[in-house]
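Colleague: Please take a close look at a single part of this model and follow it outward from there.

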2 protein chains.
Amino acid sequence: MTPVPPAAARAGDTRDRLLATALELFAQHGVEGTSLQMIADALGVTKAAVYYHFKTKDEITEAVAEPALRQLGTIAREATTLRRRGAQVDHVLAGIVELVVGHRALAAVFSSDPGVARALERTLHEEGNVKECLTDLLCGGDSDPAAKVAAHVAMLGIALAGGSPGLDSLTDDELRRHLMEAGRRLLGRPRRRD
Amino acid sequence: MTPVPPAAARAGDTRDRLLATALELFAQHGVEGTSLQMIADALGVTKAAVYYHFKTKDEITEAVAEPALRQLGTIAREATTLRRRGAQVDHVLAGIVELVVGHRALAAVFSSDPGVARALERTLHEEGNVKECLTDLLCGGDSDPAAKVAAHVAMLGIALAGGSPGLDSLTDDELRRHLMEAGRRLLGRPRRRD
DNA sequence: GTCTATAGTATGATAGAC
DNA sequence: GTCTATCATACTATAGAC
């Protein structure tokens, strides 16, 4: 048996720091605009050290996005177990808003950067194309073009608005509340009481 | 007087072709993901030929975005001359939707890619920060957080949804109609009659 | 106005020492 | 687990011929 080292809590230390740093830089400069050199510098190590933890840059991109994607997958699965359509929409909406508020700037990068889409193609397919699934849930599986457009505007608008500098001054709680409200209005859900 | 050449219609030919090609590639791979080599190859010329027309890649980025930015500036100026707030919102909304429908994929790149934001900083400041101005118009200069969030979601959602693959099947006319409808609902404008 | 040729730098990635 | 040293490749950009 491998003897447990005294400071076992530090296991995977640099790997986690690496992911946190990459996340921050991706949010600032985009994925394509972030080089391994930048990540290494910000971390205080060399590029080679980065390569010890990840074989390729795409692998870093995937690892950074993975927790959010898994969370989206969970939201989608949970939503399908709900009976009423209104409850489904609310669940998906709340889930996306929560994710966006928790990450802010990052959501923008991963919803739009074309370079990211390519890097995440594999992961996205494994999860069964979460994005499409969520959009379907938001428009009720309806093929009505108006509902589909509204669902897309809601998903993308919420994701991007969260990282918009113009809304930096809002607290997490304000942002969460107003994003929900905007989403509900857009998707024709009745106004909630406070 | 300079004698008009027989095929005068071809003046500025390669420069225009270059911009059109760059626009297409930017939409496909993003700005950071598009190299000068790619532009040159697609055009059937060498990199040096590209450098004859533009000193830097940023200059190409600016030139590609310029018409759209000028159009947005015009929309903002026109809107401020309108008296009723509702009319202002409608004008801005219609202007943005028109631009998005006309370009589809490109709107997404220029509203989100962090690399683009940096390249366009100068141009954006010359135009007096059009984005902020338009958002202000959409929320009525109101500092109410809910209105500001709704305006951001509308602007970004409309811009991004236009380039979304999930809506590729819609005709320009359908897309225009439903984007307008979504924007109006989001901003609390009454439903229009057909 | 477009080309060839090339400079200079940064990139993603690898091998092997410590 | 981190390092130095290095690879091939791609990039932005320049100089000068045609």
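Modeller: I begin with H6(A) and H10(A), which pack with their axes 6 Å apart and at an angle of about 135° (axes are lines fitted to C-alpha atoms, for helices over the stretch in contact, and angles run from 0 to 180 degrees between N-to-C directions; helices are DSSP runs of H or I with at least four residues, numbered from the N terminus). That angle makes H6(A) oblique to H10(A) (under 35 degrees is roughly parallel, over 145 roughly antiparallel, 65 to 115 roughly perpendicular and the rest oblique). The model is predicted, so local features need pLDDT of at least 70 and side-chain atom pairs count only at pLDDT 80 or more, whereas totals for chains, interfaces and linings use all residues. Residues are numbered from 1 along each chain as its sequence is written, and chains are lettered from A and ligands numbered from 1 in the order in which they are written.

On the H6(A) side the meeting residues are Ala107(A), Ala108(A), Ser111(A) and Ser112(A), and they face Leu156(A), Ala159(A), Leu160(A) and Gly162(A) of H10(A) (residues are in contact if their C-beta atoms, placed from the backbone, lie within 7 Å). By class, this contact of H6(A) with H10(A) holds five nonpolar, three polar and no charged residues (Ala, Val, Leu, Ile, Met, Phe, Trp, Tyr, Cys and Pro are nonpolar, Asp, Glu, Lys and Arg charged, and the others, Gly among them, polar).

Both helices also take part in the contact between the chains, to which chain A contributes 36 residues and chain B 35 residues. On the side of chain A that touches chain B, at least two residues each come from H1, H6, helix H7 (114–119), helix H9 (130–138), helix H10 (145–162) and helix H11 (172–186) of chain A. H10(A) gives the most to that side, with 13 residues, and the residues of the side as a whole divide into 17 nonpolar, twelve polar and seven charged.

As for the relation between the copies, a turn of 180° with a shift of 0.0 Å along the axis lays chain A on chain B with an RMSD of 0.1 Å (superposed by least squares on the C-alpha atoms of residues with pLDDT of at least 70 in both). The two copies are thus related as by a two-fold rotation axis. Of the residues of chain A, Gly157(A) comes closest to this axis, with its C-alpha at 1.8 Å. The same surface serves both copies, since 97% of the contact residues of chain A recur in chain B.

H1(A) supplies part of the side that touches chain B, and it has buried residues as well, namely Leu18(A), Thr21(A), Ala22(A), Leu23(A), Leu25(A), Phe26(A) and Ala27(A) (buried means 20 or more other C-beta atoms within 10 Å of the residue's own, exposed 12 or fewer, and partly exposed in between, with C-beta atoms placed from the backbone). These buried residues pack against helix H2 (36–43), helix H3 (47–53), helix H4 (57–81) and helix H6 (105–112) of chain A, which leads back to the starting helix. After H1(A) comes Gly30(A), whose phi is positive, near 80°.

In chain B, the axes of helix H1 (residues 13–29) and helix H4 (residues 57–81) come within 10 Å and cross at roughly 95°. H1(B) and H4(B) are therefore roughly perpendicular to each other. Leu19(B), Ala22(B), Leu23(B) and Phe26(B) of H1(B) make this contact with Ile60(B), Ala63(B) and Val64(B) of H4(B), and by class it has seven nonpolar, no polar and no charged residues. Just after H1(B), Gly30(B) takes a positive phi of about 80°.

Definitions and conventions
Two residues are in contact if their C-beta atoms, placed from the backbone, lie within 7 Å.
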